[in-house]
Amino acid sequence: MKHIMILGSGFAALTAVRQIRKARLDAKITLVSPNRHLTYLPSLIWMPSGIRKGADLDVDLEQFLARKNVDWHQGRVASVRDGGRTVETEAGEVLTNDFLIVATGGRYLKKLPGLAENGIIPCEGVAMAQAIHDRIASMQGGTIAMGFGTNPKETQAVRGGPMFEFLFGIDTMLRKAGRRDAFKLVFFNGADRPGKRLGEKAVDKLLEEMARRDIDVHIGAKPTRIDADKVVTEREEIPADLVLFMPGLTGPAWLDNTDLPRSSGGFIQADSKCRVVGDDWTGCYVAGDAGSYPGPDWMAKQAHQADLQAKAAVANIADEMAGRAPSHDFKAELVCIVDSLNKGILVFRDHSRSFLLPAMRPAHWAKRIYESLYLRPYRR
Ligand SMILES: Cc1cc2nc3c(=O)[nH]c(=O)nc-3n(C[C@H](O)[C@H](O)[C@H](O)COP(=O)(O)OP(=O)(O)OC[C@H]3O[C@@H](n4cnc5c(N)ncnc54)[C@H](O)[C@@H]3O)c2cc1C
C-alpha cells in the first residue's frame, strides 16, 4: 500500500481525498493541517448582511475523514525536503510519504502601508467578515471604500471577484435597510479595466453596475497608502471612514524553508499535470492556490480551479502507482457568479467558450444551492 500525504484541508486537499477514494487507489492517506475544519470561503460575502454567520460556513471534518479512512495529523507544515518524501511540521515532527500533494493555499501580500492598522482584509476568514458586519452596523453613515490589489510579479494572483461581491452586496444590504442615502460607496483599483480576467464584457458590465448603483469609481491609479481617514493613491486622496482592501496573493510563507521551485510571484512552480517541476521532485504535486501553473491568462485562483487541479493530481498519482507516465492535464475553467445578495452575474470561460449572463435572481439562488450541495459530503 502506498502512502499519499496531503498538506492542507481546504478545497484542493479535500477534493484530492475524495478522488483517491473514488478511484479506489490502494493508498493510506494522511492529511496534515492545523485544524480539522473546512471554511467555505465563497460565502464570506454573505456575512456583512447576516445571510450567513461564521458557524454556517465552518464544517467539522471529523466524520468525513473517518468515513474516508484518512489519518489526520494536526500540525503546520514548516518544510518539505528529500524531493517531497519528508515533511517537517512546526512542532518538529518528521513525516514521510510515497506521494505528496501540497494544498496549503496562498497568502495575502500585506505590503500596502497602513492596511493592517486602518483597513479590513475581507477575504481572510470569518472573523474579518464578521468585523465588516459589526462595523457597518455601528456606523450612522459615511464613506466605505473598497478595492483590490494584485501581485505585480504574477498578475493572475488576484482575488477581484469577491471584492465586487462585497461592493454590490453591501450596496444591496444598505438599500434594503433604507440606509443607503447615509453612505457613499467608493470603488478604487490600480487598473484601468479592473476584473479583466473575467473578460472585457464582464468589465463593462461591472462598471455599468457600479454606475447604476451610484458607486463612485476611482480606477487607473494604484493605492499607495491607507490612512485612518482616507485611501491615498498615486493620483489622489479618497476620504473614507471604512476601507476594505483585498491584496494580491503570493505563495505560503513556509516555502521559504524549502528548495521547492518558485514562480516569479512566489508560488510553487507546477506543470500542466500539477507536478512540481524538476527531476528532484518526483511524486510531488501541487493543487490550488499554492501553485503557479501554465495556462491561459484568465485562469483564476479559485476553489473551482483548485478542485480541477486536485483531480488531475490524483489521476496522475494513479498513473504512477500503476507504473504509467502521468497523462492527465488539469482543465482550465473559470466559473464565477458575481453575487449582489439578490441577483448574480454569471461568467464562464474555458478554452473554447466565454460567456456572461447579466444580473439575474436565479444566479443568486444557484450560488446558494451550490454551497449546500458542495458542503453536503463534508457535513454528512
Ligand atoms: C471571500 C471569498 C470568496 C470566494 N469566492 C469564490 C467563488 O465564488 N468561487 C470559487 O471558485 N472560489 C472562490 N474563492 C476562492 C477560493 O476560496 C480559493 O481559491 C480556494 O480556497 C483555494 O483552495 P486551496 O485548497 O488552494 O486553499 P485553501 O482553501 O485556502 O486551503 C488551504 C488549507 O491549507 C491549510 N494550511 C495553511 N497553511 C498550512 C501549513 N503550513 N501546513 C498545513 N496546512 C496549512 C489551511 O488551514 C487550509 O486547510 C473565494 C475566496 C474568498 C476569500
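**Exercise 1. Work out how strand β16 fits into its sheet.**

Start with one pair: strand β16 (residues 230–233) runs antiparallel to β17, and 3 bridges join them. Here strands are DSSP runs of E, at least two residues long, and helices are runs of H or I with at least four, both numbered from the N terminus; two strands pair if DSSP finds at least two bridges between them. This is a predicted model, where local features need pLDDT of at least 70, side-chain atom pairs count only at pLDDT 80 or more, and totals for chains, interfaces and linings use all residues. Residues are numbered from 1 along each chain as its sequence is written.

Next, find a facing pair: V232 sits opposite E237 in β17. Then zoom out: the open sheet has 3 strands, ordered β15-β16-β17, with antiparallel pairing. Its edges are β15 (223–227) and β17 (237–239), each pairing on one side only.

**Exercise 2. Describe how the two domains meet.**

First, get the bounds: domain 1 covers 2–106 + 251–321 and domain 2 covers 109–248, as set by an automatic or database domain assignment. Their centres, taken over C-alpha atoms, are 30 Å apart. Now count contacts (C-beta atoms, placed from the backbone, within 7 Å): 22 residues of domain 1 touch 22 of domain 2.

**Exercise 3. Say what surrounds the ligand.**

Count residues whose C-beta atom, placed from the backbone, lies within 6 Å of the ligand. There are 32, and G8, G10, G105, C123 and G288 come nearest. Elements giving two or more residues are α1 (11–22), β2 (27–33) and α8 (303–321). Finally, check the domains: each of the two supplies at least three shell residues.

How values were computed: Near = placed C-beta within 6 Å. Contact = placed C-beta atoms within 7 Å.
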